[in-house]
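Trainee: Could we go through this structure together, one question at a time, with the reasoning spelled out?
Mentor: Gladly; let us look at it first and then begin.

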Amino acid sequence: MSSMSVLTRDEAQARASLLDVHRYTVELDLTTGDDTFDSRTVIRFAVTAGHTGADTFVEVRPAELRSATLDGHPLDTATLTDGRLPLRNLAEGEHELRVDAAMRYSRTGEGMHRFTDPADDETYLYTQMSLEDAAAVFANFNQPDLKAVFEFTVRAPEGWTVLANGITTETADGLWQAAPTPRISTYLVAVAAGPWHSVRSEHRGLPFGLHCRRSLAPHLDTDADELLDITRACYDRYHEKFEEPYPFDSYDQAFVPEFNFGAMENPGLVTFRDEFVYRSAVTDTERQTRAMVIAHEMAHMWFGDLVTLQWWDDIWLNESFAEYMGYQTLTEATRFTDTWTDFGVSRKAWGYDADQRPSTHPVAPEAVDDTAAALVNFDGISYAKGASALRQLVAWLGEKDFLTGINTHFARHRFGNATLADFIDSLAAATERDVHAWADTWLRTTGVDTLTPRVTNGDNGSCTLTVRHDGSRPHRVAIGLYDHDSAGDGTLALRERVDLDIPQDAPQPIGKRPALLLVNDGDLTYAKVRFDPESFKTVRSALSGLPDPLTRAVVWNALRDALRDGQLSPADYLETVRAHLPRETDLALVQGVLTFASTVVADRYLPPQERPAALATLASLCRDLIRRTEDGDHPGLRLIAVRHFIDAAAHPDTIAAWLAEGTVPGGPELDPELRWRVLARLAVLGATDETEIDAELARDPSASGQEGAARCRAALPDPESKLRAWEQMFTSDDLSNYLFVATAQGFWQPEQADLTDEYVKRYWTDAVAVAARRGPAIADAAGRWAFPAHTAAPETLRLGEKCLRDADPIPSLRRKLVDQLDDLARALRVREGGTEGAREQA
């Protein structure tokens, strides 16, 4: 298989000035065996005036390049180098390029991914083209600003269904024709083929479809009404917001196996990871997350697909817009009316963390020089910080002017490409505010501003507020003033919310001193917030008494930031969790806070000798939640508590009894997800073995069961299991992307440091090698999941820094290592100095 060279922005600009691409006609034959498929492509394009004699290239990454002809003349296939076939001495005017190749199936979720379902041996295929992988499926000019019409014909095995961007029709046995698309970018082309289980519907004359593998059919059928209701509600709401109608001929949503992302916005055929087809119990917050992803991907049909970025420096515009619209539209159009709480406690924290690492970049970076650099920018900044910036923009601009600007943007650039400058110009046309200056301060800068209140006592018991602003961005925020409720039951009552522009012109009068003064109440801006001393005492004693979950989310995030910055000790954070989480009612908050408390505070921020006490605290808290939910009225809260009790169990007896009995006393019954969760924890504790893992796999032979078994086997606390897992990840190259992740998740355990210590040294060599061999998806998994994250020691940092300096990891792995090492360094600082910082905050 040909290797690949990354496309630079300069190369893309040069080729865009040279070519006008009209149409791709692609024939795929998926019946040629398990390893490769046939791909025949005809590209009709023109060389623009004044460029006679120019040279360029077409991207193609074949297993075998059989032939290529330009205007009927054969090209030398031996000139294919690094995935590029040269096209030389092109004349001005129209051309036709034909390429015939065999392409290799992928096991890493890139290009044309092939998956055989262990539940029934049925095979499924789907494409994932973004950013660079279209060339592994068909020959093309692979850059977003060379849009064209795409027409696909696909030969598939008998009994399969073929899905594509346009409506597909079976014209003969196994031969499928997809309707031609409007002009779209190469990275948005999609094909999915297999014996899909489909649920079809129609809305406003448009065909809607849901698709999954057959083994998941009962679970899709159970949720089909909910999924279609959300799809219809979002579709209708977007048509109220956007003047441009939905621009494609159908709307299919395919839930596909071993998908690397949450979903991908292919026009007319959105692909989702099929974990969103729930086969085990989930919380309502998890259903809300799935609904948000549906809304997010549909927003892309306009922002990303109809109007597409010109180059990858504007990827944030695609993702930030869809992220903002996903949460906002879900709130407006569905039963999920509290989505911004989940955004605040989960997504926003992702953005804050990413923005404080050495790898941070502006929301709208100016130096995305090539596709490899672009790929690593699909991060918390492009999604969460960008969406936060847009939310602040709407607060500053007003929603009416914001939507007017958006609709101007769609009208100006429909089926074309646009830049950040184009977007800002469209917004500026709708308002007298200086949107260009706003963009410079919000989108071209890095880092997180910090807002610290200072209350000054005045005459007659009245006070004024000054907010110290560490940073450079203007903020429009609400200040929440809360008093203790007169009932004396520990609750807090909102006295008023004061709107404030920061930097402020003068101190803000606030009347008598409140018990709690909360900057950024309502979470409309993106900034770390601190507390004045009096407010901090109130938070510690009365956090759960705040009336609004979004307000509580802002407070929990502030405590999280204070802990990460060494201004609150891990012990004090856990004490606050123990005091207030048992009374929390919002599922997103319980889930987010418990996850951070366990996976970050207990596992990383505390020295090993203090971890058992932290786990005992979390287990006790979960036990309280389980007792509180015995009436059956709060199944989501009970499920979260059961999951986290399993993860925190220090002794096997209780959870082993649950597994043996198949239920938690009083419920829930242990479904496959909970059974594998218990078994994984028993494996860590040395309380199960290969025989029991095999028995559970026989009970659940699904793809999820295979991953559960891999996770459990890698977690077994013996040298043979660790060595086998390591070799599967780093030597054999047989693991799919999902099985690699599952094995990595099981391998590193804080309880097993003595057993895995030798692998800390091996990691740096082996991870660099496997990333180079297997490419960006496995590199990302090796850097994220296989990294020795629990070994917060100076020696680990030294080894990591040496690797970055000397080993030349590929860009996707380098980015992950930079981030992980910075997190390790932060964990060490918290361990060494958290208590002193806490005294300063208090």
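Trainee: Which strands does helix α11 lie across, and at about what angle does α11 run to β27?
Mentor: Keep in mind that this is a predicted model. Helix α11 is made of residues 533-542, and the strands that it lies across are β24, β25 and β27. Relative to β27, the helix runs at about 100°.

Trainee: And at about what angle does helix α12 run to β27?
Mentor: Helix α12, which covers residues 549-564, also lies across β24, β25 and β27. Its direction is again given relative to β27, and the angle is about 85°.

Trainee: Which strands are at the edges of the open sheet that contains β24?
Mentor: The three strands of this open sheet come in the order β25-β24-β27, with antiparallel pairing. An edge strand is one that pairs on one side only, and this description fits β25 (492-502) and β27 (516-519).

Trainee: Which residue in β27 is the bridge partner of Ile479?
Mentor: Strand β24 spans residues 475-484, and four bridges join β24 to β27 in the antiparallel sense. For Ile479, the bridge partner in β27 is Val519.

Trainee: Are helices α14 and α16 roughly parallel or roughly antiparallel?
Mentor: Two packed helices are described by the angle between their axes and the distance between the axes. Here helix α14 (residues 587-605) and helix α16 (residues 635-648) have axes 10 Å apart and pack at an angle of about 10°. Because angles under 35 degrees count as roughly parallel, α14 and α16 are roughly parallel.

Trainee: How many charged residues are there in the contact of α14 with α16?
Mentor: On the α14 side the contact includes Leu587, Val590 and Leu594, while Gly636, Leu637, Ile640 and His644 take part from α16. Sorted by class, the residues of this contact are five nonpolar and five polar, and the number of charged residues is none.

Trainee: Why do β8 and β11 each have one side without a neighbour in their sheet?
Mentor: The four strands of this open sheet follow the order β8-β9-β14-β11, and their pairing is antiparallel. Since β8 and β11 (161-164) stand at the edges, one side of each is left without a neighbour, and each has a single partner strand.

Trainee: Which residue in β9 is the bridge partner of Met112?
Mentor: Strand β9 covers residues 123-128, and six bridges join β9 to β8, with the two strands running antiparallel. In β9, the partner of Met112 is Thr127.

Trainee: Which helix gives the most residues to the lining of the largest pocket?
Mentor: The largest pocket has a volume of about 790 Å³, and 31 residues line this pocket, with Arg61, Arg773, Arg774, Gly775 and Pro776 closest to its centre. At least two lining residues come from each of β8 (111-116), α6 (371-375), α23 (753-774) and α26 (811-841). The element that gives the most, with four residues, is α23.

Trainee: How many charged residues are in the lining of the second largest cavity?
Mentor: The structure holds five cavities of 30 Å³ or more, and the second largest contains about 130 Å³ of space. Its lining has 13 residues, and those nearest the centre are Met4, Ser5, Glu59, Glu132 and Asn142. By class, this lining has four nonpolar residues and four polar ones, while the number of charged residues is five.

Methods
Residues numbered from 1 in each chain as written. Predicted model: local features only at pLDDT ≥ 70, side-chain atom pairs only at ≥ 80, totals over all residues. Heavy atoms only, no water. 1 Å grid on protein atoms, 1.4 Å probe; cavity = no way out; pocket = protein on both sides within 12 Å on 5 of 7 lines; lining within 4 Å. Points joined across faces, edges and corners; volume = space filled by probe spheres on them. Pairing = 2+ DSSP bridges. Contact = heavy atoms within 4.5 Å. Axes fitted to C-alpha atoms, helices over the stretch in contact; angles between N-to-C directions. Parallel < 35°, antiparallel > 145°, perpendicular 65-115°, else oblique. Nonpolar A, V, L, I, M, F, W, Y, C, P; charged D, E, K, R; others polar.
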